[in-house]
Amino acid sequence: MPTPYMVRDSEVVVIGSGMAGLTAALHLAPRAVTLLTKTPDLPGGSSNHAQGGIAAAIGPGDGAEAHAADTVAAGAGFVDPGRALLLTSEGAERVRALLLAGLPFDRSADGAPLLGREAAHGAARIVHAGGDATGATLVAALAERVRATPSIRVESDAFAVDLAVRHGRVCGVLACHPEGWVFHRAPRVVLATGGVGGAYARTTNPPEATGDGLALAARAGALLADVEFVQFHPTALAVDADPAPLLTEALRGAGAVLLDRRGVRFMAAEHPLAELAPRDVVARAIGARVAAGEPVRLDMRPALAAKPDGFPTVLALCAAHGLDPWREPVPVAPAAHYHMGGVVTDPAGRTSLDGLWACGEVACTGVHGANRLASNSLLEALVFGARVARDVAGRDLPPLPPFALPEAPAVAGEVGAGLLDAITDESRRTLYQGAGLVRDGVGLLAARRKLDRLAVALDALCGVGPAELAAVRCWGEARNRLLAGRLIVHAALARSESRGAHFRTDFPQEDPAAQRHRFTLTDLTGAAGPLTGDAACSIL
């Protein structure tokens, strides 16, 4: 017998409460918006934990063209130059508007924004708020505006389980709330759910970053792209903590240096930009030493001396783990940080499915390529969150025709909680080992087989009937992590070269003829035997 649930009609549903989701919801006003977040309150997502700032070409002598050129260079050949210029030109306008609106950016005595420099940027163009608490400071301000906007209905503790698709058109979202199952019937749905870091055993992302939007879109049949490109942040604090505490790139921009086991600085021999080399270069240089059993430490004292009040978040994180960076360097190691791939969108944020838009980290807009430029993530959320809102508000869609409501899925309830945790832990370790910072065909194939078996085991736990929110979320996040991991491995096997954040020891060179890949869930579930070359993917 079908599980009963409530139906709520909405004009627009936005899923996610980070920078992209909050921006989209605010720009949609005064349209009626339902904002779903699985966190207990606003804000949520990785934006709230972002220590780095927002890159914007607003300083003297800087310009959108120079910022775009740096973005293209960092992306290892896969950045769309037109989209990059769109990002940097509109991004500068968005940041100027936020400055004029009085958002709490760090400023000099004359009121001008303080600008920092980060890796692979040719100029000082990073604006911060609250020192290294940029994300938390800005999204808190945006969240307050969302709460004060009458046209936005925020529904917290709401876990989106599946999109409903009829005749190629998205027509709503099935979610579990504290009061039970709810189907949000809506002609327009915006995904702003963030990234996939929680699918990895070691990540800087918060616990809620479990690949939900990527999995929702994949199950609905949307086109995906660049899924193999997962950026590892070079300098996560090497302590036993989940998530791994992030030490912002701004430290190296302010003078912090990396030291090997002998206390010798090594990055100058790895790349002409030394500690300010692209993230993939720095991460692999550190990762190689850590894998060989050699500790790497970050000496923050030059940066702390240059900006004594500039890194309160970092100092608090170090203190929480009994470390004093004023006295001695601290241990670091790479951790999964940002997903360059995601749901394919056009410049307006439209996906391949009518009625579905995506913005922020869940989207693949073409601006990051194979390796995101530092501090372009919050910028992308601002730019494309606003672009999505403009397109959603301006696009006429015919009314939804009558359609059969979806059934609530069979889930693994409380009885399977212990097994769910075991499956989740094993899937995260498998992905980290097989499709982490350094990959090869043997490890990827082993990871694919293991993740496929874990997916079968998860399905075997599912039963039918009502379930509590906590149990549904636990099952749903395990399901989404597994699917995100399988998609990453699928794409990594298909790319037989090394490029940007995707490095394969069995194909260590970049292939000049290689192109970006896009695919759907059908390519994954229909794959038989090892995937090679571009056989399983079409070309963007």
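Biologist: In which helix is Thr-424 found?
Modeller: This is a predicted model, and in it the residues 417–434 make up a single helix. Thr-424 is found within that stretch, and the helix is α11.

Biologist: Is Thr-424 buried or exposed?
Modeller: The relative accessible area of Thr-424 is 10%, and the cut-off for a buried residue is under 20%. Leaving aside residues up to four places away in sequence, Thr-424 touches Ala-478 and Arg-481. Because its relative accessible area is 10%, Thr-424 counts as buried.

Biologist: At what angle do helix α12 and helix α13 pack?
Modeller: Helix α12 covers residues 441–460 and helix α13 covers residues 469–494. Two packed helices are described by the angle between their axes and the distance between the axes. For α12 and α13 the axes are 9 Å apart, and the angle is about 155°.

Biologist: Is α12 roughly parallel or roughly antiparallel to α13?
Modeller: The two helices pack at an angle of about 155°, and angles over 145 degrees count as roughly antiparallel. The angle therefore makes α12, relative to α13, roughly antiparallel.

Biologist: How many residues of the contact of α12 with α13 are nonpolar?
Modeller: On the α12 side the contact includes Leu-444, Leu-445, Leu-451 and Leu-458, and on the α13 side Trp-475, Leu-482 and Val-489 are among the residues taking part. Charged residues contribute as well, including Arg-448 and Asp-452 of α12 and Arg-479 and Arg-486 of α13. The contact divides into four charged residues, two polar ones and, as the number asked for, 13 nonpolar.

Biologist: Which strands are the edge strands of the open sheet?
Modeller: Four strands form this sheet, with mixed pairing, in the order β1-β10-β9-β8. An edge strand pairs on one side only, and this holds for the strands at residues 6–9 and 159–166, which are β1 and β8.

Biologist: Which strands of the sheet does α13 touch?
Modeller: Neighbouring strands of the sheet are turned by 25° against each other on average, direction ignored. Helix α13 packs on this sheet, and its direction makes about 65° with that of β8. The strands that α13 touches are β8, β9 and β10.

Biologist: How many bridges join β8 to strand β9?
Modeller: Strand β9 spans residues 169–177, and β8 and β9 run antiparallel. Within this pairing, Arg-166 stands opposite Arg-169, while the bridge partner of Phe-159 is Cys-176. The number of bridges that join the two strands is seven.

Biologist: Which residue takes a positive phi in the hairpin of β8 and β9?
Modeller: The hairpin of β8 and β9 has two residues between the strands. The positive phi lies near 55°, and the residue that takes it is His-167.

Biologist: What is the bridge partner of Val-173 in β10?
Modeller: A hairpin joins β9 to β10 through two residues, and six bridges join these strands, which run antiparallel. In β10, the partner of Val-173 is His-184.

Biologist: Why is β9 largely enclosed by the rest of the structure?
Modeller: In the order of the sheet, β9 stands between β10 and β8. Strand β9 is largely enclosed because, of its nine residues, the number that are buried is nine.

Biologist: Which residues does Arg-387 touch, not counting residues up to four places away in sequence?
Modeller: Arg-387 is found in helix α10, which covers residues 377–394, and it counts as buried because its relative accessibility is 15%. With residues up to four places away in sequence not counted, the residues that Arg-387 touches are Leu-86, Glu-90, Pro-347 and Ala-348.

Definitions and conventions: Residues are numbered from 1 along each chain as its sequence is written. This is a predicted model: local features need pLDDT of at least 70, side-chain atom pairs count only at pLDDT 80 or more; totals for chains, interfaces and linings use all residues. Side-chain values use heavy atoms; hydrogens and water are left out. Buried means under 20% relative accessible area, exposed over 50%, partly exposed in between (1.4 Å probe, protein chains only). Contact means heavy atoms within 4.5 Å. Axes are lines fitted to C-alpha atoms, for helices over the stretch in contact, and angles run from 0 to 180 degrees between N-to-C directions. Angles under 35 degrees count as roughly parallel, over 145 as roughly antiparallel, 65 to 115 as roughly perpendicular and the rest as oblique. Ala, Val, Leu, Ile, Met, Phe, Trp, Tyr, Cys and Pro count as nonpolar, Asp, Glu, Lys and Arg as charged, and the others, Gly among them, as polar. Two strands pair if DSSP finds at least two bridges between them.
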